[in-house]
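Please look over the structure below, which is described here in a short report for a newcomer.

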Amino acid sequence: QVQLVESGGGLVPAGGSLRLSCAATGSIVSINVMGWYRQAAGEQRELVAAISRIDSTDYADSVKGRFTISRDNAKNTVYLQMNSLKPEDTAVYYCNALIVPVTLRTLEVWGQGTLVTVSS
């Protein structure tokens, strides 16, 4: 069974930094796009950042210049370095990936979510 396991959330003061990690586990052939989404209370889930297998990246305007997405293909892991955090960054952050397992049938997989709280 393929799954995504996230870590790194927590409570941080405004202006602080956090690094989220997300590791894909299971019988995996390859992983295409990996990304981070977030959902604040009462809001819709939104894309924060995404990265392709060849390291092409895309960011939401609200995080450009503050967040950096990266990946380690050898470890099937994606990271989100978050700097200069603001209270409005408070949300549950979800990892997402398009994974090709041994069945060769591409799956869209979501992590369980990790809470990031930025205090003012």
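## Ser 21 and its surroundings

Ser 21 has a relative accessible area of 17% and therefore counts as buried, a word that here means under 20% relative accessible area, whereas exposed means over 50% and partly exposed lies in between (1.4 Å probe, protein chains only). This is a predicted model, in which local features need pLDDT of at least 70 and side-chain atom pairs count only at pLDDT 80 or more, while totals for chains, interfaces and linings use all residues. Residues are numbered from 1 along each chain as its sequence is written, and side-chain values use heavy atoms, with hydrogens and water left out.

Ser 21 is placed in strand 3, where strands (E, at least two residues) are DSSP runs numbered from the N terminus. Apart from neighbours within four places in sequence, Ser 21 is in contact with Val 5, Glu 6, Ser 7, Trp 36, Val 78 and Tyr 79, contact being heavy atoms within 4.5 Å.

## The disulfide

Counting pairs of cysteine sulfur atoms within 2.5 Å as disulfides, the model has 1 disulfide. The disulfide joins Cys 22 to Cys 95, with an S to S distance of 2.1 Å, and links distant parts of the chain, since Cys 22 lies in strand 3 (residues 18–25) and Cys 95 in strand 9 (residues 91–101), 73 residues apart. Both Cys 22 and Cys 95 are buried. The torsion about their S-S bond is about -85 degrees, so the disulfide is left-handed.

## Val 102

Val 102 is found in the loop between strand 9 and strand 10 (107–110), and its relative accessibility is 57%, so Val 102 counts as exposed.

How values were computed: Helices (H or I, at least four residues) and strands (E, at least two) are DSSP runs, numbered from the N terminus.
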